[in-house]
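Take a walk through this model, starting with its aromatic rings. Then move on to a helix and a pocket.

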Amino acid sequence: DRIRKAVRGVAKAINGGCPTRPVITATGDYEPALINAAQNLEALTQRITSNPSLRNFSLCLHGAPGTGKSAFVRPLAGQMGIEVIQKRASDLMSMWVGMTERNIAAAFEEASEREAFLILDEADSLLRDRRDAFRSWEITQVNEMLTWMEVHPQPFACTTNLMENLDAASLRRFTFKV
């Protein structure tokens, strides 16, 4: 118990005083028949999983909160035989200039090294339209995301409730928009 408490304390210190976030790995009770999407997700899943060499694709999943955007990706990754790394905007954003960009790069690098399916929740916080930016770091944060979206060799998905707020350049980089 003392070792566990010490490890938690060190992890909290490393995270700047924030507690560590739980890792989301379970697929839960995902039921594809209950999904109401503009595309047939079963057909999309079949298309993706029937080609094992297809790895560098991206998904933009958008819709109302709680509609299963992230939940769709976990069983898809399971069928592809790869693990999921899920990051929230709060995991990546920092109050320090340049740290958000560094955290974005670290998330993509981790997914690349582990050959994992990266899910970025609340992508509208990371890919906000640059035309609405007031500060330079708001632009460089989006630029960092765009650069990684172009070169990332593994599948990744962004989820958002605010599709209309995404930068137009990011929308051109998604293989599938659902």
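The model is predicted. Two rings are taken as a pair if their centres lie within 6.5 Å. By this rule there are five aromatic pairs.

Begin with Phe 108 and Trp 148. Their ring centres are 5.7 Å apart, and their planes meet at 10°. Planes under 30 degrees apart count as stacked. The angle here is 10°, so Phe 108 and Trp 148 are a stacked pair. Now place the two residues in the chain. Phe 108 belongs to helix α5, residues 99-114. Trp 148 belongs to helix α6, residues 136-151. The two are 40 residues apart, and their pairing links distant parts of the chain. Are these residues buried or exposed? Phe 108 and Trp 148 are both buried.

Turn next to Phe 156 and Phe 174. These rings also form an aromatic pair, with 6.5 Å from centre to centre. The angle between their planes is 50°, and the pair is tilted. Which parts of the chain does it tie together? Phe 156 lies in strand β4, residues 156-160. Phe 174 sits in the loop between α7 (168-172) and β5 (176-177). The pair therefore ties together parts that are 18 residues apart in sequence. Both Phe 156 and Phe 174 are buried.

Step back to see how these rings belong together. Phe 108, Trp 148, Phe 156 and Phe 174 are linked by ring pairs into a cluster.

Now look at helix α2, residues 41-49. Its buried residues include Leu 41, Leu 44, Thr 45 and Ile 48. Why do the buried residues line one face of the helix? Viewed down the axis of α2, they fall within an arc of 100°, so they line one face. The other side of α2 carries Glu 42, Gln 46 and Arg 47, which are exposed. What do the buried residues pack against? Their partners are β1 (58-62), α3 (69-80) and β5. At the N-terminal end of α2, Asn 40 acts as the cap. One of its side-chain oxygens lies 3.0 Å from the backbone nitrogen of Glu 42.

Two of those packing partners, β1 and α3, lead on to a pocket. Each supplies at least two residues of the lining of the second largest pocket. This pocket has a volume of about 260 Å³. Its lining is made up of 16 residues. Nearest its centre are Asn 36, Ala 37, His 62, Thr 67 and Lys 69.

Conventions
Residues are numbered from 1 along each chain as its sequence is written. This is a predicted model: local features need pLDDT of at least 70, side-chain atom pairs count only at pLDDT 80 or more; totals for chains, interfaces and linings use all residues. Side-chain values use heavy atoms; hydrogens and water are left out. Rings of Phe, Tyr and Trp (its six-membered ring) pair if their centres lie within 6.5 Å; planes under 30 degrees apart count as stacked, over 60 as edge-to-face and the rest as tilted. Helices (H or I, at least four residues) and strands (E, at least two) are DSSP runs, numbered from the N terminus. Buried means under 20% relative accessible area, exposed over 50%, partly exposed in between (1.4 Å probe, protein chains only). The arc is that of the directions from the helix axis to the C-beta atoms. Contact means heavy atoms within 4.5 Å. A polar contact is a pair of N or O atoms within 3.5 Å; within protein, one must be able to donate a hydrogen and the other to accept it, and residues adjacent in sequence count only if both atoms are side-chain atoms. On a 1 Å grid over the protein atoms alone, a cavity is a set of points where a 1.4 Å probe fits but cannot get out, and a pocket is an open set with protein on both sides within 12 Å along at least five of seven lines; lining residues have an atom within 4 Å of a point. Grid points are joined across faces, edges and corners, and a volume is the space filled by probe spheres set on the points.
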